[in-house]
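Grab a pencil and work through a few exercises on charged side chains and overall build. Each task comes with a solution you can check yourself against.

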Amino acid sequence: MVIYKNYKNYPIKIGFDAYFLSYRRGIGNFVYHVLSHLAFLDRKNQYLLYMAAKPKNLDLSLPQNFILRSFACPIYPLWEQMGLPFVAIRDSVDILHCPANTGPLFLPQKIKMVLTIYDVMYLLPYEVLPASPSPYQRLGRIYRRWVVPRIAKRADAIITVSHHSCQDILHILQVPSERVSVVYGAPSPTFRPLPNKEKIEQVKQRYGIKGRFILTLGGLDPRKNIARVLQSFKKFKQQSKRDHQLVIVGLPKSGQRLFSRIAMEIEIAEQVVFTGFVPEEDLVALYNGAEVFLYPSLYEGFGLPVLEAMACGTPVIASTAGSIPEIAGEAALLIEPKDIEALALAIEQVINDQALRLELIVRGFEQVKKFSWEKAARELLTVYERVMQT
């Protein structure tokens, strides 16, 4: 590993855990967008971006005060708990920002720590949020349950992404309220109405989607509520006699097998399309082509897909749980996520009532305007400056 020597005097030297920068989903999206806007806004301070490997084809323009540093480690917890504090100490950073819920437990007090905690769902009882069938997700939950309560007490500042998550953090982690700041995320500018309908049809054809369809984002985690979405879709089909398909994006192969079996058991398999993970440009086209987007999650710290769909001009039916009402505002039709009948009825309402559809679309465009990555980057800079004064 090459040592970077700082020949220029920067007011603040910031280490940034950029491990997930190349993963353009979830936390990776937050890291990518906040760094791209910090790179545009802040030429005064220095940023050392720590990664496990140098990214290939990274679409991120960085000025001279942003330095990519890579060091390999086969297991993420070891990378975070041993490698990351080692290089932060060796580089003499003033602040280490850990944007992925966890961080190194052993870091000198002279290095200020900024920690982003998106939510604390992994600390909730299993009867509230059941364990995922994915071994990877179960291990991740165990790791976070062990690290987060400890690292939250060490952090000089905690960033979270909604006031709902803020209240959970204050209640469950018992940290001082003055240390917690809410910094909203935002949809990428890529998510927008597409004037080229031919592109939408090409994407539909690529994934075997025929005619009109309803869109949802899937996940193996039970909180994504996919089994109830399937049951609600069946009720909608029975009640409306419509020929819509249900398109489920984002499920790995194991999830597709699991929910395909459920779809077969309730006799709707021929009307359900599983796309797996799709590139962002295809997801934009799918949002644009969908008659309605469903997001009846049992718990979300933010719920970015709600805003992505709204930015594309798609009516949204979402959950009353977690932070979703805060993010969706009055621009979505909200239902109790465990109520299968209510979700089926909401789908029928949005598809049949053109006035309601138009109202949700217009409100959605207005709601999205409240969220900005530039604003998020400016608020993050304020946090950096504040922790340096304490």
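**Exercises on a predicted model**

Aspartate 221 is buried, with a relative accessible area of 19%. Keep in mind that this is a predicted model.

**Exercise 1.** Work out which side chain aspartate 221 meets in a salt bridge, and whether that partner is buried or exposed.

*Solution.*
- Start from the cut-off: buried means under 20% relative accessible area, and aspartate 221 has 19%.
- Next, look for the partner: arginine 223 meets aspartate 221 in a salt bridge, at 3.2 Å from N to O.
- Arginine 223 has 11% relative accessibility, so it counts as buried.
- Now widen the view: Asp221, Arg223, Lys224 and Glu300 are linked in a network of salt bridges.

**Exercise 2.** Find what the salt bridge between glutamate 291 and arginine 212 ties together.

*Solution.*
- First check the distance: the two side chains meet at 2.8 Å, N to O.
- Then place each residue. Glutamate 291 lies in the loop between helix 8 and strand 11, and arginine 212 in the loop between helix 5 and strand 8, so the pair ties together parts that are 79 residues apart in sequence.
- Finally, compare exposure: glutamate 291 is buried at 15%, while arginine 212, at 33%, is partly exposed.

**Exercise 3.** Do the same for lysine 199 and aspartate 282.

*Solution.*
- Their closest N and O atoms are 3.9 Å apart, and the pair forms a salt bridge; the cut-off is 4 Å.
- Lysine 199 sits in helix 5 (residues 197-206) and aspartate 282 in helix 8 (residues 280-289), so this pair links parts 83 residues apart in sequence.
- Aspartate 282 is buried, with a relative accessible area of 3%.

**Exercise 4.** Say which side chain of opposite charge is nearest to glutamate 348, and how far away it is.

*Solution.*
- Locate the residue: glutamate 348 is in helix 11 (residues 340-352).
- Arginine 242 is the nearest side chain of opposite charge, 6.9 Å away.
- A salt bridge needs the atoms within 4 Å, and glutamate 348 has none although it is buried.
- What does glutamate 348 touch, leaving aside neighbours within four places in sequence? Phe236, Gln239 and Ser240.

**Exercise 5.** Decide whether the radius of gyration of the protein agrees with that of a compact globule.

*Solution.*
- For 390 residues, a compact globule would come out near 21 Å.
- The protein has 22 Å, which agrees.
- To round off the picture, 56% of the 390 residues are buried, and the secondary structure comes to 13 helices and 13 strands.

Key:
Residues are numbered from 1 along each chain as its sequence is written. This is a predicted model: local features need pLDDT of at least 70, side-chain atom pairs count only at pLDDT 80 or more; totals for chains, interfaces and linings use all residues. Side-chain values use heavy atoms; hydrogens and water are left out. Helices (H or I, at least four residues) and strands (E, at least two) are DSSP runs, numbered from the N terminus. The radius of gyration is taken over C-alpha atoms; the globule rule is 2.2 Å times the number of residues to the power 0.38. Buried means under 20% relative accessible area, exposed over 50%, partly exposed in between (1.4 Å probe, protein chains only). Lys and Arg count as positive and Asp and Glu as negative; His and the chain ends are not counted. Contact means heavy atoms within 4.5 Å.
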